[in-house]
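Biologist: Could you take one part of this model and walk me through it closely, neighbours included? I'd like the cut-offs spelled out as you go.

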Amino acid sequence: MTTDDSMDDDVFESSEDTIAQAKLHITQNAHKTVPSPTGYRDYKPPAEILKLCETDVIEDTNQRLHKTILLGDSGVGKTSLLVKFDTGKFQPGNFSATVGIGFTNKVVAVDNSRVKLQIWDTAGQERFRSVTHAYYRDAHALLLLYDVTNKTSFDNIRAWLGEIREYAQDDVVIMLIGNKCDCGGDRLVRREDGERLAKEYNVAFMETSAKNGINVDLAFMAIARELKLRQSGNKDSNKFSVQDYVREETEKSSCPPCYTT
Ligand SMILES: Nc1nc2c(ncn2[C@@H]2O[C@H](COP(=O)(O)OP(=O)(O)OP(=O)(O)O)[C@@H](O)[C@H]2O)c(=O)[nH]1
């Protein structure tokens, strides 16, 4: 679903109806270009996603789907991050704002077990805000992105966190992400500023690059690990801190140092 002429401007209306709506959307558009669940122009969803839309999905009771939503201003790189994680690919300079909301299912391995993430890519544009609010309530995790080369997107993070407080569950896992950390010379938001803001709101933080792949897998793996421990009720879940985990892991593979003016 993009602003591409070949796509419709419709959006899903309730999370219960999602799969039926997706099926309908695909059926209605079968004669057109394959619609993109992530809203990315030219992005072809993997076969497993199309299959999900073609068949009725019975959720495996042992394999709970963890609903994870990507949020943040338009253009910060939500779709790019998801596409990079899902396909390993990045399409530079191909910005086509997401229309509405779509999802991709991914299974990730955490300590020899499988964690199913249902990752929702939302439109950052203001005009879709009321639509995406409806999806917050049953989200298990939120990845909140800003663009390190766009100060406004960082300044808007407080407002996003306010919306999250209003519409999401109190125990939702939140990860603040400064994306485009490959853009050294164009950087306008220092890593320390992101870290400070995350600390203030007691949420995990990392910088990523959908372009170079820096920390992309880690962002989703950290979320999956936290969600798995919570679901298992394992006593270690109280000991596990997604913030500490991310800090330790990013020290091993962090973005190259960038300096602001
Ligand atoms: N250099 C660089 N460019 C990026 C990165 N991530 C995304 N971009 C570019 O930023 C632009 C916007 O990316 P999108 O992924 O479409 O942004 P979005 O947040 O999904 O935007 P909306 O769909 O409008 O909410 C595109 O031109 C991408 O190629 C990154 O990590 N580094």
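Modeller: Here is a close look at one strand and helix, followed by the surroundings.

First, the ground rules. This is a predicted model, where local features need pLDDT of at least 70, side-chain atom pairs count only at pLDDT 80 or more, and totals for chains, interfaces and linings use all residues. Residues are numbered from 1 along each chain as its sequence is written.

The secondary structure comes to 10 helices and 6 strands, taken as DSSP runs (helices are H or I with at least four residues, strands are E with at least two) and numbered from the N terminus. The part I'd pick is β5, residues 173–179. Of its 7 residues, 7 are buried, and buried here means that 20 or more other C-beta atoms lie within 10 Å of the residue's own, while 12 or fewer makes it exposed and anything in between partly exposed, with C-beta atoms placed from the backbone. In a regular strand the side chains alternate between the two faces of the sheet. In β5, V173, M175, I177 and N179 point one way, and I174, L176 and G178 point the other way. Both sets are buried.

Now the strand's partners. Strands pair if DSSP finds at least two bridges between them. β4 (residues 141–147) runs parallel to β5, and 7 bridges join them; D147 sits opposite N179. β6 (204–207) also pairs with β5 in the parallel sense, over 4 bridges, with M175 standing opposite A204.

Between β5 and β6 comes the helix: β5, α7 and β6 make a right-handed β-α-β unit. Right-handed means that, with the strands pointing away from the viewer, the path from the first strand over the helix to the second runs clockwise.

Follow the chain from β5 towards α7 and you meet K180 in the loop between them. Most residues other than glycine have a negative phi, and most peptide bonds are trans. K180 goes the other way, with a positive phi near 70°. K180 is also buried, as 27 other C-beta atoms lie within 10 Å.

Then α7 itself, residues 191–200, whose buried residues are R191, G194 and A198. These cover an arc of only 65° around the axis, so they lie on the same side of α7; the arc is that of the directions from the helix axis to the C-beta atoms. An α-helix has 3.6 residues a turn, so residues three or four places apart point the same way. The cover over the buried residues of α7 includes β5 and β6, judged by contacts, meaning C-beta atoms placed from the backbone that lie within 7 Å. On the face turned away from the buried side, α7 carries the exposed residues E192, R196, K199 and E200.

Just after α7 comes N202, found in the loop that leads to β6. N202 isn't a glycine, yet its phi is positive, about 55°. Unlike K180, which is buried, N202 counts as exposed, having 8 C-beta neighbours inside 10 Å.

That's the unit; here is what else the model holds. Strand β3 (residues 113–122) runs parallel to β1 (residues 65–72), with 6 bridges joining them, and K67 stands opposite Q118. β3 also runs antiparallel to β2 (residues 101–110), over 10 bridges, with T104 opposite I119. The hairpin of β2 and β3 has 2 residues between the strands, and D111 there takes a positive phi near 45°.

Helix α4 (residues 129–136) has T132, Y135 and Y136 as its buried residues. Their arc around the axis is only 110°, which puts them on the same side of α4. The buried residues of α4 pack against β1, β2, β3 and α6 (157–167).

As for the ligand, 24 residues surround it, and S74, G77, S80, T98 and G124 come nearest; a residue counts as near if its C-beta atom, placed from the backbone, lies within 6 Å. Helix α3 (residues 78–87) gives the most to this shell, with 3 residues. By class, the shell has 7 nonpolar, 13 polar and 4 charged residues, where Ala, Val, Leu, Ile, Met, Phe, Trp, Tyr, Cys and Pro count as nonpolar, Asp, Glu, Lys and Arg as charged, and the others, Gly among them, as polar.

Stepping back to the whole protein, 43% of its 261 residues count as buried. Among contacts between residues at least 6 apart in sequence, 76% join residues at least 24 apart.

Notes:
Two residues are in contact if their C-beta atoms, placed from the backbone, lie within 7 Å.
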